[in-house]
Amino acid sequence: MKPKILLVACSIRSVGDLVAGCNTEIALGSVKEGIKGLADVEYVRLNRWFLPDGSLKNEDMLIDAIKESDGIIFASPCYFGMPNSLFQDLIKILAEKKVDLYPKVVGFVSVGAKRNGGEETQIVWSAWDIMGLGAIVVNDGAPISQFGGVVVAGTKGQAKYDREGLEVCRYLGRRI
């Protein structure tokens, strides 16, 4: 039986298209290419689950999807080197519900306006939070071995031009 990998878009701009959606979704599309044939993939857009007050609608469904996965890849836009509010709200809820993510394998993709513009810092902070819930965090592995997928995209749709970043996302998908 193939493992189940959950791709989680943490962008408020996610529209549900892993080819022509927001930059975060384009990066997740490359992750999915790296996973192809190795695992079953499910896609979640956090912007569809959160209410304006930061609470989740259908909370149990989302938490069940997280619990039932074997691996998770979170993709988020980078804001000054920090995880965005959707990711932070999800971590807060998972911690409050005492969701144990062990032995799930987790990886991260960060999309920013320029290379080395805080993306790796964001991944480190996100990894710190997710390890606190018991997850096993991995990077993209050799030959590049960054903290995770780092994609450069300043305006909508620009991610598709960052060949290096999308290649790292494919490596991360294979590694997960």
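Helices (H or I) of at least four residues and strands (E) of at least two are DSSP runs, and both are numbered from the N terminus. Strand 5 (136-137) and strand 6, for example, are joined by a loop that holds Pro143.

**Figure 1. Overview of the protein chain in this predicted model.** The protein chain holds 5 helices and 6 strands, and, read from the N terminus, these elements follow the order β-α-β-α-β-α-β-α-β-β-α. Because its radius of gyration, 14 Å, is close to the 16 Å that the globule rule gives for 176 residues, the protein chain is as compact as a globular protein of that length. Taken along the principal axes, the box filled by its C-alpha atoms is roughly 40 × 40 × 25 Å. Buried residues make up 52% of the 176 residues, while the protein chain exposes about 8700 Å², of which carbon and sulfur atoms supply 52%. Of the contacts with a separation of 6 or more, 75% are between residues 24 or more positions apart. The 21 positive and 21 negative charges have mean positions that are 4 Å apart.

**Figure 2. The largest nonpolar core and the surroundings of Leu90.** The largest nonpolar core has 29 residues, and those with the most contacts inside it are Leu46, Leu62, Ile66, Phe74, Leu90, Phe108 and Ile130. Two or more residues are given to this core by each of strand 1 (4-9), helix 2 (59-68), strand 3 (71-77), helix 3 (85-96), strand 4 (105-112) and helix 4 (119-131), and helix 3 supplies the largest share, 6 residues. Once its neighbours within four places in sequence are left aside, Leu90 is in contact with Leu46, Phe50, Leu62, Ile66 and Phe74. Apart from this core lies another core, of 22 residues, with Leu7, Leu18, Ile73 and Val138 among them. In soluble globular proteins, nonpolar side chains tend to be buried together.

**Figure 3. Close-up of Ile73, a residue of strand 3.** Ile73 counts as buried because its relative accessibility is 0%, against a cut-off of under 20% for buried residues. Not counting residues up to four places away in sequence, Ile73 touches Leu6, Leu7, Val8, Leu28, Val31, Ile35, Gly107, Val109, Leu172, Gly173 and Ile176. Of these contacts, the one with Val31 joins residues that are 42 apart along the chain, with their C-alpha atoms separated by 8.4 Å.

**Figure 4. Close-up of Ser126, a residue of helix 4.** With a relative accessibility of 3%, Ser126 counts as buried. When residues up to four places away in sequence are not counted, Ser126 touches Pro83, Phe87 and Phe108. Phe108 is also listed among the residues with the most contacts inside the largest nonpolar core.

**Figure 5. The two cis peptide bonds shown here, from Tyr102 to Pro103 and from Ala142 to Pro143.** The bond between Tyr102 and Pro103 is cis, with omega near 5 degrees, and Pro103 belongs to the loop between helix 3 and strand 4. For the cis bond that joins Ala142 and Pro143, omega is about 15 degrees, and Pro143 is placed in the loop between strand 5 and strand 6.

**Figure 6. Loop residues with positive phi, Phe80 and Asn116.** Although Phe80 is not a glycine, it has a positive phi of about 55 degrees. Phe80 sits in the loop between strand 3 and helix 3, and its relative accessibility of 83% makes it count as exposed. Asn116, likewise a residue other than glycine, has a positive phi near 60 degrees. The loop that holds Asn116 runs between strand 4 and helix 4, and, with a relative accessible area of 62%, Asn116 is exposed.

**Figure 7. Close-up of Thr155 in the loop between strand 6 (149-152) and helix 5 (163-175).** Thr155 has a relative accessibility of 52% and therefore counts as exposed, the cut-off for exposed residues being over 50%. In sequence Thr155 and Ala113 are 42 residues apart, whereas in space they are 7.7 Å apart, C-alpha to C-alpha.

Definitions and conventions: Residues are numbered from 1 along each chain as its sequence is written. This is a predicted model: local features need pLDDT of at least 70, side-chain atom pairs count only at pLDDT 80 or more; totals for chains, interfaces and linings use all residues. Side-chain values use heavy atoms; hydrogens and water are left out. A nonpolar core is a set of buried Ala, Val, Leu, Ile, Met, Phe, Trp, Tyr and Cys residues joined through side-chain atoms within 4.5 Å. Buried means under 20% relative accessible area, exposed over 50%, partly exposed in between (1.4 Å probe, protein chains only). Contact means heavy atoms within 4.5 Å. The radius of gyration is taken over C-alpha atoms; the globule rule is 2.2 Å times the number of residues to the power 0.38. Accessible areas come from the Shrake-Rupley method with a 1.4 Å probe; for residues, only the protein chains shown count as cover. Lys and Arg count as positive and Asp and Glu as negative; His and the chain ends are not counted. The place of a charge is taken as NZ of Lys, CZ of Arg, CG of Asp or CD of Glu.
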